[in-house]
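This report looks at the surroundings of a ligand and then at a sheet with the helices that pack on it.

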Amino acid sequence: MSIDATDIRANLSRALRHRRDPGIVEQLSAISGSSPPPPLRVSGLASCGRKQTFSHQGTKATIPGDESLIAMIQGDWGEEGCRKLLLESGYEFKDAQRELRYSNKAGEEVLRGHIDGLIGVDHGALGTEWALWEMKMMSAFRFKKCNNISDVRISSPEYFTQVQLYMHLLNMDGEKIEKTIFMAVAKDPSAANMGIKGPRLDPIYIEEISYDREVGDMLLQRAEDIYTYSLTGELWPHERNPSKDWDCSERFCEYYSKCNPKTTLRKR
Ligand code: SF4
């Protein structure tokens, strides 16, 4: 190891690859045959069901580039910084990275996820009131959209799915969680404000999302359906189309070359 730019770049790249998405690490051990099929991930349940069956069946994924790894690490930094700010503002925190699991009637683990934590307010003799806390770092484009729509259910349905499932699983675990405090922080506030006439956007967006038990039940059913279907060895039907959906692309789908959607969709 030496203190020169080329060496640091190479060592950094190696370190970044060690920080790879845990789903992919699980997937790689599944390929080596050393473990049962990995559970689906709460954070990915709204993504293309076909992509989830690829992952669940241990199909080798394209290794994410440094760009997506850095984005994940920025998420960790943002989460840590915001938690500190909220603590300084008088809020309480617990259960950072608490793991939540859901198993089917056969005892197979179908779904797993980790929460950013629970945020609380001390009401003295009445006890502490807790809510789920979910924090996201957003690109300028995404942050602007989030502010313009002011409803995470519409602007980022995948995040809405994620928090509804977390609240559902927490309540199944015996907690009484009725809402999520959803916080989004602009990665680049200047870029997010480009082209905006009038007041600049606050770099922190906050929304309360109420728990909806029916949505939670529906999402658990989706997880069970994809999981069970995947065990047959078949791939879930296409839920995305490269000509319409941004996430159905080589950049955002690690199974794009295996799925080859342009050809497989044309054949149908
Ligand atoms: S390439 Fe598109 S259709 Fe195929 S798995 Fe990925 S997101 Fe789904």
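## The ligand shell

By residue class, the shell around the ligand in this predicted model is made up of eight nonpolar, one polar and four charged residues. The shell numbers 13 residues, and the closest of them to the ligand are Cys48, Lys51, Cys248, Cys253 and Cys259. Cysteine is counted here among the nonpolar residues, whereas lysine is counted as charged.

Two helices, α3 (49-56) and α10 (256-259), each supply at least two residues of this shell. Of the elements that contribute, α3 gives the most, with three residues.

## The three-stranded sheet

Elsewhere in the description stands an open sheet of three strands, arranged in the order β1-β4-β3 and with mixed pairing. Its edge strands are β1 (40-41) and β3 (99-103), each of which pairs on one side only.

The pairing of β1 with β4 (residues 109-114) is in the parallel sense and extends over two bridges. Within this pairing, arginine 41 has arginine 112 of β4 as its bridge partner.

## Helices against the sheet

Helix α7 (residues 157-172) packs on the sheet, where it touches β3 and β4, and its direction makes about 80 degrees with that of β3. Helix α9 (residues 213-231) lies across β1, β3 and β4, and runs at about 125 degrees to β4. Strands β3 and β4 are thus touched by α7 and crossed by α9, while β1 is listed among the strands that α9 lies across.

Definitions and conventions: Residues are numbered from 1 along each chain as its sequence is written. This is a predicted model: local features need pLDDT of at least 70, side-chain atom pairs count only at pLDDT 80 or more; totals for chains, interfaces and linings use all residues. Two strands pair if DSSP finds at least two bridges between them. Helices (H or I, at least four residues) and strands (E, at least two) are DSSP runs, numbered from the N terminus. Two residues are in contact if their C-beta atoms, placed from the backbone, lie within 7 Å. Axes are lines fitted to C-alpha atoms, for helices over the stretch in contact, and angles run from 0 to 180 degrees between N-to-C directions. A residue is near a molecule or strand if its C-beta atom, placed from the backbone, lies within 6 Å of it.
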